Each structure stands twice: as structure tokens, then as C-alpha cells.
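Biologist: I should like to learn how to read the features of a structure of this kind. Could we take them one at a time, with the general idea before the particular case?

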Amino acid sequence: MTTHRNDTLSTEASDFLLNCFVRSPSWQHWLSLPLSLLFLLAIGANTTLLMTIWLEASLHQPLYYLLSLLSLLDIVLCLTVIPKVLTIFWFDLRPISFPACFLQMYIMNCFLAMESCTFMVMAYDRYVAICHPLRYPSIITDHFVVKAAMFILTRNVLMTLPIPILSAQLRYCGRNVIENCICANISVSRLSCDDVTINHLYQFAGGWTLLGSDLILIFLSYTFILRAVLRLKAEGAVAKALSTCGSHFMLILFFSTILLVFVLTHVAKKKVSPDVPVLLNVLHHVIPAALNPIVYGVRTQEIKQGMQRLLKKGC
């Protein structure tokens with residue numbers, strides 16, 4: 001009888017309800033404006049960067065193609081997450097259909113992994129540029145970028161696909177209120193009346209395999225870069241090399257730090273309000289996206305000059 005009742009309840013629910021900040025509902029009021037501004041900044045800045053690289057012939061180089069890919073990933077992530085969060089904040093539109101929820105879950109996992117992988121390829125690009133400058137034009141070519149993009153796409157599309165599939169196959173026995181602003185896998189699977197061990201193990205193992213391996217390779221690249229830079233004896237060479245890599249490393253460090261803080265708050269959830277990981281999860285989809293084009297635009301002379309030329313043409 002209990003099984004029949006659970007099955008009946010699970011068929012009645014056609015939507016999930018996203019319940020943001022259960023213990024701190026007032027956060028929605030003071031977060032809505034800054035989140036809106038960050039969202040507009042992220043979309044506007046990334047779109048401007050994409051148009052600049054596309055329209056400016058001098059920027060048709062492998063590094064800037066990778067930067068275009070990063071901007072495209074940021075735009076998709078922002079559009080997948082932030083508009084729904086804002087409609088909850090402004091209009092209390094909390095329902096989200098099962099297919100939309102699992103699609104959002106897949107895009108978030110897939111595109112965050114793709115972003116991490118793109119940072120890893122960009123770190124390799126800087127490693128070759130600093131440590132093997134004479135070989136750079138023969139190694140980092142347009143063909144290399146195409147192969148790197150195919151690797152980024154294939155690896156992350158396939159590796160993250162089981163996450164929403166495993167969650168979609170679970171039975172949801174009447175409980176449909178997700179204590180999160182987004183359809184995070186852990187938050188959604190917590191509502192299931194089935195055993196979710198495999199689901200959580202795959203999320204954990206897959207996440208650390210993808211992001212962990214990327215971060216290890218990134219920091220190895222920058223270790224070799226730092227060692228090579230410190231050996232430079234030409235006047236001003238060290239400052240120039242560090243400036244070239246500085247913007248990349250700053251963004252990677254921020255991306256990694258906010259992710260690490262998010263993981264640590266989950267581990268120490270008894271000591272931290274449950275709303276803090278929810279907030280960090282939302283911010284992780286918009287702050288790096290807003291910072292990436294700004295840091296590159298400010299610190300990369302070629303992009304700044306390209307934007308200035310486009311503005312002059314427009315005037």
C-alpha cells in the first residue's frame with residue numbers, strides 16, 4: 001500500500017518548486033539588484049568581447065579563439081541560471097518542470113567542466129608561449145585550437161551526461177520542494193525515496209576527476225612558467241612575462257577559490273547556514289562570468305586596442 005501511495009504521489013507532481021534561502025528569505029530582497037547588475041555586466045561584457053574578437057582581424061589568433069570560447073561558455077551559464085533565479089526573487093515564480101530542471105542540471109555541470117578545461121588549455125598556451133617561445137607558432141596553431149575545442153566538447157559532454165540521467169531515473173515520492181535556487185544534483189536527488197548512493201558517488205568522482213585533473217595541470221603549467229620567468233635575465237622581461245600570464249592566473253585562481261569555498265561549506269554544513277552554499281552556488285555562475293572579460297579587457301593590450309578601433313569606426 002505504501003509503495004502504491006508513493007507512486008501515486010510521484011505521478012501527481014509534474015514540477016519541482018525552487019525554494020531559495022529557506023532560513024534567510026530576506027536575502028532575496030537585497031540580492032536581487034546586485035545580481036541583476038552582475039548578470040547585465042556579464043552578458044554585456046562577454047558579448048562585447050566576442051564581437052571585438054570576431055570583428056577585429058588582428059585578434060584572429062589561437063589565444064583569442066580560446067578566450068571567445070570562454071566568453072561563450074560564460075554567456076550560456078549565465079542565461080541558464082540567473083534569469084530563473086531573478087524571476088524567483090522578483091515574482092516568486094518557483095515552479096520548474098522536471099525536463100527543464102534536469103536540462104539545467106546538465107548544462108550547469110557540463111559547461112562548468114568545459115570552462116575548467118578551457119582554462120587548462122589556456123594555461124598550456126601560456127606555458128608554450130613563455131617556456132618555448134620559438135616553437136609557439138608551430139605548436140599553438142588554428143588546428144590546435146580546433147582539436148582542443150573538440151576535446152573540451154567531447155570529454156565534458158560525455159562525462160557529465162550520466163548526472164541528469166541518474167537523477168531523472170529516481171522516483172520522487174511526493175516531495176518536490178528543492179531547497180536551492182537552482183537544480184543542483186545533490187539538492188534534487190535528496191527529494192528521492194530511492195537509494196542515491198550511485199548518483200552522489202558519480203557526482204563526487206566525476207567532479208574531482210574532471211576539475212581536479214584540470215587544476216593539477218593548470219598549476220603545473222604555472223609552476224613551470226614561474227620557474228622559466230625567474231631565469232629570465234633581460235631587463236623588463238620578468239615583468240612582461242608575469243603581466244602576460246597574470247590575468248589568466250587571476251581568473252583561474254578566482255574560479256578555483258569560489259569552487260573550493262563552496263565545497264568546504266558543504267563539508268562543514270553543521271557550522272554554516274545551509275543558505276550559504278546556495279548563495280555561493282548562484283554567485284559562482286555569474287561573478288567569474290562578469291570578471292573574465294573585464295580582466296582580459298583591462299590587462300590585454302591587444303583587446304583594449306581592438307575595442308578602441310571598433311569604437312572609432314562606430315563613431
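Modeller: Let us begin with a term: helices are DSSP runs of at least four residues, numbered from the N terminus. The model before us is predicted. In it, Gln-203 lies in helix H9, which spans residues 197–230.

Biologist: How many helices and strands are there in the chain?

Modeller: The chain has 13 helices and 3 strands. Among its contacts with a separation of 6 or more, 79% are between residues 24 or more positions apart.

Biologist: Which residues does Gln-203 touch, leaving aside those up to four places away in sequence?

Modeller: Contact means heavy atoms within 4.5 Å. With that exclusion, Gln-203 touches Asn-109, Ile-163, Asn-185 and Ile-186. With Asn-109 there is also a polar contact of 3.1 Å between the two side chains.

Biologist: Asn-46 lies in helix H2. Why does Asn-46 count as buried or exposed?

Modeller: A residue is buried when its relative accessible area is under 20%, and exposed when it is over 50%. Asn-46 counts as buried because its relative accessibility is 0%. Its side chain makes a polar contact of 3.0 Å with the side chain of Ser-71. Leaving out residues up to four places away in sequence, Asn-46 touches Ser-71 together with Leu-41, Asp-74, Ile-75, Ala-289 and Pro-293.

Biologist: What share of the chain counts as buried?

Modeller: Of the 315 residues, 48% count as buried. Helix H11, residues 275–283, is largely enclosed by the rest of the structure, because 8 of its 9 residues are buried. Among these buried residues of H11 are Asp-275, Pro-277 and Asn-281, as well as Leu-279 and Leu-280.

Biologist: How should one read a nonpolar core, and which residues have the most contacts inside the largest one?

Modeller: In soluble globular proteins, nonpolar side chains tend to be buried together. Here the largest nonpolar core has 43 residues, and those with the most contacts inside it are Leu-67, Phe-111, Phe-119, Met-122, Ile-218, Tyr-222 and Tyr-296. Elements giving two or more residues to this core include helix H3 (62–91), helix H4 (98–131), H9 and helix H10 (237–267). H4 provides the largest share, 15 residues. Another core, of 40 residues, lies apart from it and includes Phe-21, Phe-98, Met-105 and Val-286.

Biologist: Which residues form a nonpolar patch on the surface?

Modeller: Ile-216, Leu-217, Leu-220 and Phe-224 form such a patch, with about 370 Å² of accessible area together. Ile-216 is placed in helix H9, and it counts as exposed because its relative accessibility is 56%. For the chain, the accessible surface comes to about 16200 Å², of which 69% belongs to carbon and sulfur atoms.

Biologist: Another isoleucine, Ile-130, is in helix H4. Why does Ile-130 count as buried or exposed?

Modeller: Ile-130 counts as buried because its relative accessibility is 18%. Its C-alpha atom is separated by 7.2 Å from that of Ala-228, although the two residues are 98 residues apart along the chain.

Biologist: Finally, how should one read the backbone angle phi, and where does Asp-92 lie?

Modeller: Most residues other than glycine have a negative phi. Asp-92 has a positive value, near 55 degrees. Asp-92 lies in the loop between H3 and strand E2 (95–97).

How values were computed:
Residues numbered from 1 in each chain as written. Predicted model: local features only at pLDDT ≥ 70, side-chain atom pairs only at ≥ 80, totals over all residues. Heavy atoms only, no water. Polar contact = N/O pair within 3.5 Å; in protein donor to acceptor, adjacent residues only side chain to side chain. Core = buried A, V, L, I, M, F, W, Y, C linked by side-chain atoms within 4.5 Å. Buried < 20%, exposed > 50% of the residue type's maximum accessible area, 1.4 Å probe, protein only. Areas by Shrake-Rupley, 256 points an atom, 1.4 Å probe, with all protein chains shown as cover. Patch = residues over 30% accessible without salt bridge, like charges linked within 9 Å, V, L, I, M, F, W, Y side chains within 5 Å. Salt bridge = Lys/Arg side-chain N within 4 Å of Asp/Glu carboxyl O.
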